[in-house]
Amino acid sequence: MNKMQWGNLPPNQKADKRKGSFLSIIMGIMLFISSGVFAQNTRIIGNVFQAKDKEPIIGANVVVEGTSIGTVTDMDGNFALEVPANSVLMISYIGCETQKIKTGSNKQFSIGLTDNAIGLEDVVVVGYGSQRKSDLTGGIVALGSDKLRMVSTNNLMDKLAGQVSGLNVTTTNSRPGQDQKLRVRGENSLTADNEPLIVLDGIPYSGSLTDIDPDIIDNISVLKDASSAAIYGSRGANGVILIQTKKGKKGGAMVTYKGQIGIEQAERRIDMMKGPEYITFVQDYNRMKYGYSGDQLDPLALLNPSERENYKAGSEVDWQNIMFRNGLTHTHQLGISGGTDNTTYMASLSHLSQEGAMVNTGMERTNIALNLTQVFNSWLTVGMGTQAVQKETGGVQPYLEAGLKMSPYGIYKKENGDYVDYPMDQTLFYNPMANINADNDRTSRNVFISTFADVKLPLDGLSFRTNFGYNFRNTMEGSYYGRNTLSGKTVNGSASVSNSYYYDYTWENILKYSKIIGKHKIDATALFSMQQTCSKSYQSSGESFVNDESSYHNLMGAEKNKVISSGLTETAMLSYMGRVNYGYDNRYMFTVTGRSDGYSAFGANNKYAFFPSVAGAWILSGEEFFEKATSWVDMMKLRLSWGSNGNQAISPYQTLDRLSLTNYIWGDNGVVVNGAYLPSNGVGNPNLKWETSKTFNAGIDFSFWGGRLSGNVEYYVVNTSDLLMSRTVPIMNGYRSIMDNVGATRNQGIEVALNSVNLKKGGFEWTTNVNFSLNRDKIVELRGDGKDDVANRWFIGEPLRVFYDYNVIGTWQQGDDFNIVKQKGAVPGSAKLEDINQDGQITAADKKIIGSKLPSFLLSMGNQLNYKNIYISFLLNGVFGVTKELSYKNLDRWMPTYNYISSTGYWTPENPTNEMTSPTYIPYDKHTFYKKMNYVQVKNITVGYNFEKNLLNGIGISALSVNLSVNNLYTFNNVEHALNFDADNMAVSYPTARSYMFGLNLTF
């Protein structure tokens, strides 16, 4: 508002007006009014939060009505503003009803906003700041606390699975404590890491995500396109996942307890042959392999000596019952949070005890978290977040593959209770429990500290923030295989100890400027950042001990094969970044970002690289020509972005020559000494640099019919060049290979996210969210010569990860003409291979690309139903079109002299199937079998009840809820024999665990 109106004139002009008494009286009256209206500005402070749950609102607009004076709320929902007296504040936020508040004589405000009908998502946390969702120009998906609560699990990444389009979470190893594999929009690199960057409370985090207590997480944002991730430069090519922990809130101390208890078990088992079917299988194999008949097929003649006793007694062993179990799982978290106008805090202590679905596996995890924020005055705020974790994941698990293949007539234990080493007398597969008594302890400790200081500078809208983060991790593992184990008894005890230490620190300095000038909104960010990492490792081992009493604590007592090793790896990074967000009239938004990174692991000639990006958005629904559609279109926005990101994920020191150690005999006395040599792949490349991904992204965000249907559609193309890979060179150079930037890939896809309110009536509400993502990747170039790399299964124009093999089109049958296509060794019961080049014979030239190891598309659906105090949710997650190897169909590699899977319908002369081969078939040229798979997992079902508050007040409880949940209830699929559908070898991998849990949440 213009303060220099006619009633607030300079003193010399006022004096001239006093010449007439009448005019003086009039002027005096106006001056009196003016002095009340246009007095000196007053500084006010306030906090904006969601009325329903008191959560702070980040990025809410606070504007003096009719003026250009305004600001936005910070990460804690706070704001400070200089306003004229008796002003009217307009507080607005996407998805909430706008409020108007008269300032009067108040200088401090607490403002709760209620949701409007559109119900769009909250402000999204982006790199080095936050933005309203309506202001975003890039591809970002945010999950708030409501979405995270939908899945009850002690694993943070399980809460993300199926809830973000374009994010694929796969659990290749389901053992408790193991990390999952994360992929954002597929894979771009052939040899470098494809994992996204994890940022925890503003600090890059490279630790295990299984260390994090999911109950302290407030929200998660996934940055998918180059514009959003460009601010992380050389680490953003694979996407960025931002994790924010919970903070304290103003108010009295609130104590919470969250607990769960339940059991977990293998979601499914492999149906192995029982006694009679196993005997038939052994007989079929021997009559087809060796031509046995009559008495030669007597089971007592065919079985191994150790199997005959149980066979005659009719006794069978279910090896899966021995290896698998119903494990008890319970978790408890005690938290306290609260605060005053100047100090807020959140502290929690939690403990998880999880027995795995397999014997002798599990995890014990204890977490301590503390977040503090202190407002010293109107211009200085500091804060600290600390997490400390100890995790125990030791134990030697049963030998799963041996247990599945073991004969049902094999001997499990001796009469004295000791395990029989070889239940079938054959030494290829030993007793699955033969090493279960080994000592194996693995303790991991993780301390993560993030601190900040926020300074509001004298210039309105200008602020400075410094962040410092420190992460220390230590993992100690000790193992001892004593004389009571198969591995230990042959060497009189075997011990090993390993210790690893890792630390990193990150220091970031951020200068921000935010200003609203009329219809213009400007937000500028400048960054200077440095990071250093250090990793140390120590290993020692030995064999042959006098006794087993000292376990792995006396390695000096080893008499044989003593080995000592150690390692040190250090890296450093220096970065500069600038970003400008500009918005006009809440309709047009533009973002320009540039980041320069210097990384120690790259060559002297390419230490630094620059990564730019641009993005724009247009809210169509804000245009006049869109008014006719406003009856059913709440919001529609178009987005376009282009940007460049890097991938630095290679081993350090690749730019330097790397020596290897060797031993040799020195002198006439035959003394063994150490020497060093330069291996054929040890030459460094001083020109090594980042892989660079250039991404184009187009998206549309929408909301229809008062928020009943909302979502977005994305299309992207990622071109990655300068792939980091080993290049073969002529040996005349003195070496055979060198790391270089030579290849290129392309990755493109479509993503769709839909959210619907299906029914909302009479206290009942049913909402659904659907996520779909389709990705297609291919290799554009390898080493510049246009040739494929068959040895590594890399083919120009084909997907990055493929199976390349002979294509099985059936089974050779009796009566077939074996001369039509000459296949070496083919007999009835052999796999019939496709003659690709139609030359009448099967050779290596007939190999083809069978399929991609990455899914064709992902599809998930979540549902939430609420009726008064009852809530129900369930989540389905589907993977479609991924090619998997069916190892169990390769009977030769499975070993047909052991037990086999039931009801597979293998080929015999009496069962001339085309689906399976004979047990005696030895695959030609070591080919195997594949299938394009589809599977849909019922990830979670939760039913809960919130008790009425008026029933709890009398007993001192503020809130109470109980719930029952099932995780990984069932997997619908088109493959019959699997323990873990995400694993490479589905049939012999640690099983996916189904858990039944009861939960209790209390607030005091």
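## A small sheet, strand by strand

Let's start with strand β1, which covers residues 42–50: 6 bridges tie it to β4, and the two strands run antiparallel. To pick out one contact you can find on screen, G46 has F79 of β4 as its bridge partner. Keep in mind that you're looking at a predicted model.

Zoom out a bit and these strands belong to an open sheet of 3 strands, in the order β4-β1-β7, with mixed pairing. At the edges sit β4 (78–83) and β7 (108–113), each pairing on one side only. From one strand to the next, the twist averages 30 degrees. As a reminder, strands in a sheet pair through backbone hydrogen bonds, and they can do so parallel or antiparallel.

## Cavities

Now for the enclosed spaces. How many cavities of 30 Å³ or more turn up? The count is 9. The largest cavity holds about 610 Å³ of space.

## What lines the largest cavity

If you want to find the largest cavity in the viewer, go to T153, N155, D158, N968 and A993: of its 41 lining residues, these lie nearest the centre. Sorted by class, the lining comes out as 24 polar, 11 nonpolar and 6 charged residues.

Several strands contribute to this wall. At least two lining residues each come from β11 (167–170), β17 (251–266), β18 (327–339), β20 (362–375), β41 (870–885), β42 (930–946) and β45 (993–1003).

Technical notes: Residues numbered from 1 in each chain as written. Predicted model: local features only at pLDDT ≥ 70, side-chain atom pairs only at ≥ 80, totals over all residues. Heavy atoms only, no water. 1 Å grid on protein atoms, 1.4 Å probe; cavity = no way out; pocket = protein on both sides within 12 Å on 5 of 7 lines; lining within 4 Å. Points joined across faces, edges and corners; volume = space filled by probe spheres on them. Helix = DSSP H or I, 4+ residues; strand = E, 2+ residues; numbered from the N terminus. Nonpolar A, V, L, I, M, F, W, Y, C, P; charged D, E, K, R; others polar. Pairing = 2+ DSSP bridges. Axes fitted to C-alpha atoms, helices over the stretch in contact; angles between N-to-C directions.
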